[in-house]
Amino acid sequence: MPLLKIILLAIVQGLAELLPVSSSAHVVVAEKLLGLDPSSPQMTLVLVMLHTGTMFAVIVYFWPQWRRAYFASTDAFKRFTIRAIWATFLTGLIGYPIMKVIEHALKSSAGDILIPSCSAFHTADIESLFSHLELVAPALFLAGLLILWAGLKERNAEAASASNYERSLTRAGENVTFAQAGWMGAVQGLCLPFRGFSRSGATISTGLLTGSARDRAERFSFALAVIITPLAIAKEALRLLHSVHAGKVGCGPSVDLHASFLAAGLGMVFSFIAGLAALRWLSSWLESGKWYLFGIYCLVASCVVFYLHHIGY
(Lines give C-alpha, C1' and ligand atoms only; values in the text may rest on other atoms or scores of the structure.)
Protein backbone atom coordinates (compact mmCIF):
# COMPACT_ATOMS: atom_id res chain seq x y z
CA MET A 1 0.00 0.00 0.00
CA PRO A 2 1.35 3.46 -0.84
CA LEU A 3 2.66 5.37 2.17
CA LEU A 4 0.33 8.30 1.47
CA LYS A 5 -2.74 6.07 1.80
CA ILE A 6 -1.48 4.68 5.11
CA ILE A 7 -0.98 8.23 6.42
CA LEU A 8 -4.46 9.28 5.28
CA LEU A 9 -6.07 6.27 6.97
CA ALA A 10 -4.05 6.94 10.13
CA ILE A 11 -5.24 10.55 10.22
CA VAL A 12 -8.87 9.46 9.80
CA GLN A 13 -8.45 6.90 12.60
CA GLY A 14 -6.67 9.38 14.87
CA LEU A 15 -9.33 12.05 14.46
CA ALA A 16 -12.26 9.68 14.95
CA GLU A 17 -10.96 7.43 17.74
CA LEU A 18 -11.76 9.65 20.72
CA LEU A 19 -15.16 10.63 19.35
CA PRO A 20 -18.15 8.24 19.62
CA VAL A 21 -18.70 8.18 15.86
CA SER A 22 -17.22 4.76 14.93
CA SER A 23 -13.64 5.30 13.82
CA SER A 24 -13.67 1.90 12.07
CA ALA A 25 -16.64 2.95 9.93
CA HIS A 26 -14.79 6.12 8.91
CA VAL A 27 -11.68 4.10 8.03
CA VAL A 28 -13.74 1.57 6.04
CA VAL A 29 -15.38 4.38 4.05
CA ALA A 30 -11.97 6.01 3.50
CA GLU A 31 -10.59 2.69 2.25
CA LYS A 32 -13.46 2.38 -0.22
CA LEU A 33 -12.88 5.92 -1.49
CA LEU A 34 -9.16 5.14 -1.88
CA GLY A 35 -9.95 2.04 -3.96
CA LEU A 36 -8.98 -0.48 -1.26
CA ASP A 37 -10.84 -3.62 -0.18
CA PRO A 38 -11.74 -3.26 3.54
CA SER A 39 -12.62 -6.96 3.82
CA SER A 40 -9.26 -8.33 2.62
CA PRO A 41 -7.04 -9.91 5.30
CA GLN A 42 -4.34 -7.32 4.70
CA MET A 43 -6.72 -4.40 5.19
CA THR A 44 -8.53 -5.82 8.22
CA LEU A 45 -5.12 -6.28 9.86
CA VAL A 46 -4.27 -2.67 8.99
CA LEU A 47 -7.59 -1.58 10.49
CA VAL A 48 -6.88 -3.40 13.75
CA MET A 49 -3.35 -1.99 13.92
CA LEU A 50 -4.68 1.53 13.31
CA HIS A 51 -6.91 0.94 16.33
CA THR A 52 -3.88 -0.29 18.25
CA GLY A 53 -1.93 2.88 17.46
CA THR A 54 -4.70 5.14 18.66
CA MET A 55 -5.24 2.87 21.68
CA PHE A 56 -1.66 3.64 22.75
CA ALA A 57 -2.47 7.33 22.29
CA VAL A 58 -5.61 6.85 24.39
CA ILE A 59 -3.57 5.09 27.09
CA VAL A 60 -1.24 8.09 27.25
CA TYR A 61 -4.25 10.41 27.52
CA PHE A 62 -6.30 8.38 30.01
CA TRP A 63 -3.46 7.06 32.18
CA PRO A 64 -3.59 9.93 34.72
CA GLN A 65 -7.35 9.35 35.09
CA TRP A 66 -6.99 5.56 35.28
CA ARG A 67 -4.21 5.87 37.83
CA ARG A 68 -6.35 8.12 40.03
CA ALA A 69 -9.55 6.09 39.61
CA TYR A 70 -8.32 2.49 39.34
CA PHE A 71 -4.82 2.34 40.86
CA ALA A 72 -5.06 4.74 43.80
CA SER A 73 -5.44 1.86 46.26
CA THR A 74 -5.66 -1.91 46.40
CA ASP A 75 -9.42 -1.67 46.91
CA ALA A 76 -9.87 0.61 43.90
CA PHE A 77 -7.83 -1.74 41.70
CA LYS A 78 -9.81 -4.75 42.94
CA ARG A 79 -13.12 -3.02 42.20
CA PHE A 80 -11.97 -2.11 38.70
CA THR A 81 -10.57 -5.58 37.98
CA ILE A 82 -13.81 -7.31 39.00
CA ARG A 83 -15.87 -4.96 36.84
CA ALA A 84 -13.51 -5.26 33.86
CA ILE A 85 -13.52 -9.09 34.01
CA TRP A 86 -17.31 -9.15 34.33
CA ALA A 87 -17.82 -6.74 31.42
CA THR A 88 -15.32 -8.55 29.17
CA PHE A 89 -16.90 -11.91 30.00
CA LEU A 90 -20.30 -10.60 28.92
CA THR A 91 -18.75 -9.14 25.77
CA GLY A 92 -17.47 -12.56 24.76
CA LEU A 93 -20.60 -14.37 25.91
CA ILE A 94 -22.80 -12.19 23.70
CA GLY A 95 -20.47 -11.15 20.88
CA TYR A 96 -18.85 -14.50 20.04
CA PRO A 97 -22.12 -16.45 19.39
CA ILE A 98 -23.47 -13.58 17.25
CA MET A 99 -20.30 -13.61 15.15
CA LYS A 100 -20.50 -17.39 14.71
CA VAL A 101 -24.17 -17.23 13.69
CA ILE A 102 -23.38 -14.56 11.09
CA GLU A 103 -20.38 -16.51 9.79
CA HIS A 104 -22.49 -19.67 9.55
CA ALA A 105 -25.12 -17.76 7.55
CA LEU A 106 -22.42 -16.37 5.25
CA LYS A 107 -20.96 -19.82 4.68
CA SER A 108 -24.40 -21.28 3.91
CA SER A 109 -25.12 -18.55 1.36
CA ALA A 110 -21.75 -18.95 -0.35
CA GLY A 111 -22.80 -22.15 -2.08
CA ASP A 112 -20.68 -25.18 -2.94
CA ILE A 113 -16.90 -25.03 -3.20
CA LEU A 114 -15.79 -25.26 -6.80
CA ILE A 115 -12.41 -26.75 -5.92
CA PRO A 116 -12.74 -29.64 -3.42
CA SER A 117 -9.03 -29.56 -2.54
CA CYS A 118 -9.47 -26.00 -1.29
CA SER A 119 -12.34 -26.71 1.06
CA ALA A 120 -10.04 -26.54 4.09
CA PHE A 121 -9.21 -22.93 3.19
CA HIS A 122 -12.79 -21.83 2.65
CA THR A 123 -13.85 -19.57 5.48
CA ALA A 124 -16.77 -17.24 6.00
CA ASP A 125 -15.26 -14.52 8.16
CA ILE A 126 -17.24 -11.73 9.75
CA GLU A 127 -14.67 -9.38 8.18
CA SER A 128 -16.16 -10.11 4.75
CA LEU A 129 -19.02 -7.77 5.73
CA PHE A 130 -16.68 -4.81 6.18
CA SER A 131 -16.79 -3.86 2.52
CA HIS A 132 -20.61 -3.62 2.51
CA LEU A 133 -21.53 0.01 3.07
CA GLU A 134 -25.21 -0.96 3.02
CA LEU A 135 -24.52 -2.67 6.37
CA VAL A 136 -22.24 0.05 7.77
CA ALA A 137 -24.90 2.72 7.23
CA PRO A 138 -27.70 1.17 9.35
CA ALA A 139 -25.17 0.35 12.09
CA LEU A 140 -24.19 4.03 12.18
CA PHE A 141 -27.86 4.98 12.26
CA LEU A 142 -28.64 2.72 15.22
CA ALA A 143 -25.58 3.97 17.10
CA GLY A 144 -26.72 7.52 16.43
CA LEU A 145 -30.16 6.83 17.88
CA LEU A 146 -28.63 5.29 21.02
CA ILE A 147 -26.23 8.21 21.53
CA LEU A 148 -29.02 10.72 20.91
CA TRP A 149 -31.27 8.99 23.46
CA ALA A 150 -28.53 8.87 26.09
CA GLY A 151 -27.47 12.46 25.46
CA LEU A 152 -30.98 13.84 25.80
CA LYS A 153 -31.56 11.80 28.96
CA GLU A 154 -28.31 13.08 30.47
CA ARG A 155 -29.23 16.65 29.60
CA ASN A 156 -32.71 16.34 31.12
CA ALA A 157 -31.42 14.64 34.26
CA GLU A 158 -28.86 17.37 34.91
CA ALA A 159 -31.41 20.11 34.31
CA ALA A 160 -34.06 18.49 36.52
CA SER A 161 -32.02 18.06 39.68
CA ALA A 162 -28.30 18.72 39.60
CA SER A 163 -27.74 17.94 43.29
CA ASN A 164 -29.68 14.66 43.34
CA TYR A 165 -28.13 13.63 40.07
CA GLU A 166 -24.62 14.28 41.39
CA ARG A 167 -25.28 12.32 44.57
CA SER A 168 -26.45 9.34 42.52
CA LEU A 169 -23.25 9.50 40.47
CA THR A 170 -20.89 9.33 43.45
CA ARG A 171 -22.22 6.09 44.96
CA ALA A 172 -19.58 4.02 43.14
CA GLY A 173 -16.71 6.38 43.89
CA GLU A 174 -14.53 6.93 40.80
CA ASN A 175 -15.77 3.74 39.14
CA VAL A 176 -18.92 2.60 37.38
CA THR A 177 -21.13 0.25 39.36
CA PHE A 178 -21.06 -3.52 38.84
CA ALA A 179 -24.43 -3.40 37.06
CA GLN A 180 -23.32 -0.52 34.81
CA ALA A 181 -20.14 -2.42 33.92
CA GLY A 182 -22.23 -5.47 33.01
CA TRP A 183 -24.55 -3.52 30.74
CA MET A 184 -21.60 -1.79 29.05
CA GLY A 185 -19.87 -5.13 28.46
CA ALA A 186 -23.05 -6.69 27.06
CA VAL A 187 -23.61 -3.82 24.63
CA GLN A 188 -19.95 -4.00 23.61
CA GLY A 189 -20.61 -7.62 22.61
CA LEU A 190 -23.42 -6.46 20.33
CA CYS A 191 -21.05 -3.97 18.67
CA LEU A 192 -18.23 -6.40 17.86
CA PRO A 193 -19.58 -7.92 14.62
CA PHE A 194 -20.61 -4.63 13.00
CA ARG A 195 -18.55 -1.78 11.56
CA GLY A 196 -20.41 1.45 12.19
CA PHE A 197 -21.98 0.50 15.51
CA SER A 198 -19.64 2.73 17.49
CA ARG A 199 -18.22 0.68 20.35
CA SER A 200 -17.30 3.69 22.47
CA GLY A 201 -20.49 5.55 21.60
CA ALA A 202 -22.68 2.57 22.47
CA THR A 203 -20.90 1.64 25.70
CA ILE A 204 -20.64 5.20 27.01
CA SER A 205 -24.29 5.82 26.12
CA THR A 206 -25.22 2.63 27.97
CA GLY A 207 -23.34 3.91 30.99
CA LEU A 208 -25.26 7.18 30.81
CA LEU A 209 -28.60 5.41 30.45
CA THR A 210 -27.87 3.31 33.53
CA GLY A 211 -26.97 6.35 35.65
CA SER A 212 -23.21 6.73 35.30
CA ALA A 213 -21.43 10.05 34.94
CA ARG A 214 -20.03 10.51 31.47
CA ASP A 215 -16.39 10.80 32.60
CA ARG A 216 -16.62 7.49 34.50
CA ALA A 217 -18.36 5.73 31.63
CA GLU A 218 -15.78 7.14 29.22
CA ARG A 219 -12.82 5.99 31.33
CA PHE A 220 -14.24 2.48 31.70
CA SER A 221 -15.25 2.21 28.04
CA PHE A 222 -11.73 2.91 26.78
CA ALA A 223 -10.24 0.62 29.42
CA LEU A 224 -12.42 -2.19 28.00
CA ALA A 225 -11.14 -1.37 24.52
CA VAL A 226 -7.53 -1.76 25.67
CA ILE A 227 -8.41 -5.21 27.07
CA ILE A 228 -10.00 -6.60 23.89
CA THR A 229 -7.61 -5.03 21.34
CA PRO A 230 -4.86 -7.69 21.73
CA LEU A 231 -7.46 -10.40 21.02
CA ALA A 232 -8.49 -8.59 17.84
CA ILE A 233 -4.85 -8.30 16.72
CA ALA A 234 -4.27 -12.02 17.25
CA LYS A 235 -7.44 -12.92 15.34
CA GLU A 236 -6.50 -10.80 12.32
CA ALA A 237 -2.88 -12.00 12.31
CA LEU A 238 -4.08 -15.62 12.21
CA ARG A 239 -6.53 -14.78 9.43
CA LEU A 240 -3.72 -13.22 7.40
CA LEU A 241 -1.45 -16.25 7.93
CA HIS A 242 -4.30 -18.51 6.81
CA SER A 243 -4.68 -16.45 3.62
CA VAL A 244 -0.94 -16.59 2.96
CA HIS A 245 -0.98 -20.40 3.20
CA ALA A 246 -4.05 -20.59 0.95
CA GLY A 247 -2.33 -18.45 -1.66
CA LYS A 248 0.76 -20.65 -1.66
CA VAL A 249 -1.25 -23.78 -2.54
CA GLY A 250 -3.31 -22.02 -5.22
CA CYS A 251 -6.54 -21.70 -3.21
CA GLY A 252 -6.57 -17.93 -3.15
CA PRO A 253 -4.70 -14.81 -4.22
CA SER A 254 -1.06 -14.60 -3.19
CA VAL A 255 -0.38 -12.42 -0.17
CA ASP A 256 2.87 -10.62 0.57
CA LEU A 257 3.19 -11.30 4.30
CA HIS A 258 6.17 -8.98 4.83
CA ALA A 259 4.52 -6.07 3.05
CA SER A 260 1.24 -6.65 4.90
CA PHE A 261 2.85 -6.55 8.34
CA LEU A 262 5.00 -3.58 7.30
CA ALA A 263 1.92 -1.62 6.20
CA ALA A 264 0.10 -2.58 9.39
CA GLY A 265 3.07 -1.55 11.53
CA LEU A 266 3.46 1.77 9.77
CA GLY A 267 -0.26 2.37 10.12
CA MET A 268 -0.01 1.78 13.87
CA VAL A 269 2.85 4.30 14.21
CA PHE A 270 1.12 6.97 12.15
CA SER A 271 -2.23 6.48 13.90
CA PHE A 272 -0.47 6.84 17.27
CA ILE A 273 1.02 10.16 16.16
CA ALA A 274 -2.28 11.32 14.65
CA GLY A 275 -4.15 10.23 17.76
CA LEU A 276 -1.86 12.18 20.09
CA ALA A 277 -2.16 15.28 17.93
CA ALA A 278 -5.95 14.99 17.79
CA LEU A 279 -6.28 14.44 21.53
CA ARG A 280 -4.65 17.80 22.26
CA TRP A 281 -7.70 19.67 20.99
CA LEU A 282 -10.44 17.06 20.71
CA SER A 283 -10.43 16.32 24.44
CA SER A 284 -11.39 19.83 25.53
CA TRP A 285 -14.00 20.06 22.79
CA LEU A 286 -15.43 16.70 23.78
CA GLU A 287 -15.78 17.67 27.43
CA SER A 288 -17.43 21.00 26.65
CA GLY A 289 -19.70 19.62 23.94
CA LYS A 290 -23.10 17.99 24.20
CA TRP A 291 -23.24 14.22 23.92
CA TYR A 292 -26.43 14.20 21.84
CA LEU A 293 -24.66 16.12 19.05
CA PHE A 294 -22.58 13.02 18.31
CA GLY A 295 -25.82 11.10 17.81
CA ILE A 296 -26.96 13.67 15.27
CA TYR A 297 -23.59 13.39 13.53
CA CYS A 298 -23.91 9.59 13.29
CA LEU A 299 -27.39 9.93 11.78
CA VAL A 300 -26.07 12.35 9.15
CA ALA A 301 -23.02 10.14 8.50
CA SER A 302 -25.35 7.18 8.00
CA CYS A 303 -27.15 9.05 5.22
CA VAL A 304 -23.82 9.91 3.58
CA VAL A 305 -22.71 6.26 3.68
CA PHE A 306 -26.05 5.16 2.21
CA TYR A 307 -25.50 7.65 -0.63
CA LEU A 308 -21.95 6.39 -1.26
CA HIS A 309 -23.31 2.85 -1.50
CA HIS A 310 -26.03 4.05 -3.87
CA ILE A 311 -23.50 5.58 -6.27
CA GLY A 312 -21.42 2.41 -6.38
CA TYR A 313 -18.89 2.40 -3.55
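Which residues line the largest cavity? In this predicted model, the lining is made up of G14, E17, L18, T54, A57, V58, G275 and L279. The volume enclosed there is about 40 Å³, and the count of cavities of 30 Å³ or more comes to 1. Three helices, α1, α3 and α10 (257-288), each supply at least two residues of this lining. Helix α3 gives the most, with 3 residues. Sorted by class, the lining of the largest cavity has 4 nonpolar, 3 polar and 1 charged residues.

A step back to the whole chain helps to place these helices. The chain holds 11 helices and 0 strands, and its pattern along the sequence reads α-α-α-α-α-α-α-α-α-α-α. Of its 313 residues, 50% count as buried. Among the contacts in the chain with a separation of 6 or more, 80% join residues 24 or more positions apart.

Helix α3, already met at the cavity, deserves a second look. A straight helix of 30 residues would span 44 Å at 1.5 Å a residue, but α3 spans only 36 Å between its end C-alpha atoms. A kink of about 55 degrees is found in α3 at F62, shortly before the proline P64. Helix α3 is also largely enclosed by the rest of the structure, because 21 of its 30 residues are buried.

Next comes the open space in the model. Rolling a probe the size of a water molecule over the atoms shows where empty space is left. The largest pocket has a volume of about 860 Å³. It is lined by 37 residues, and those closest to its centre are L192, R195, R199, I228 and A232. Two or more lining residues come from each of the elements α1 (3-17), α2 (23-33), α3 (41-70), α4 (74-109), α8 (199-209) and α9 (214-248). The largest share of the pocket lining, 8 residues, belongs to α9. By class, the lining of the largest pocket has 19 nonpolar, 12 polar and 6 charged residues. Helices α1 and α3 thus appear in the list for the pocket and also in the list for the cavity.

Some single residues round out the picture. Between α1 and α2 there is a loop that contains S22. The phi angle of S22 is near 65 degrees, a positive value in a residue other than glycine. S22 counts as buried because its relative accessibility is 4%, and the cut-off for buried is under 20%.

Further along the chain, Q180 sits in helix α7, which covers residues 178-191. With a relative accessible area of 8%, Q180 is buried too. Apart from neighbours within four places in sequence, Q180 is in contact with T210, G211 and S212.

R155, in contrast to the buried Q180, is partly exposed, at 44% relative accessibility. R155 lies in helix α5, which runs over residues 133-160. Its C-alpha atom is 8.3 Å from that of K290, although R155 and K290 are 135 residues apart in sequence.

Terms used: Residues numbered from 1 in each chain as written. Predicted model: local features only at pLDDT ≥ 70, side-chain atom pairs only at ≥ 80, totals over all residues. Heavy atoms only, no water. Helix = DSSP H or I, 4+ residues; strand = E, 2+ residues; numbered from the N terminus. Buried < 20%, exposed > 50% of the residue type's maximum accessible area, 1.4 Å probe, protein only. Contact = heavy atoms within 4.5 Å. 1 Å grid on protein atoms, 1.4 Å probe; cavity = no way out; pocket = protein on both sides within 12 Å on 5 of 7 lines; lining within 4 Å. Points joined across faces, edges and corners; volume = space filled by probe spheres on them. Nonpolar A, V, L, I, M, F, W, Y, C, P; charged D, E, K, R; others polar. Expected span 1.5 Å × (residues − 1). Bend = angle between axes of the 7 residues up to and from the residue.
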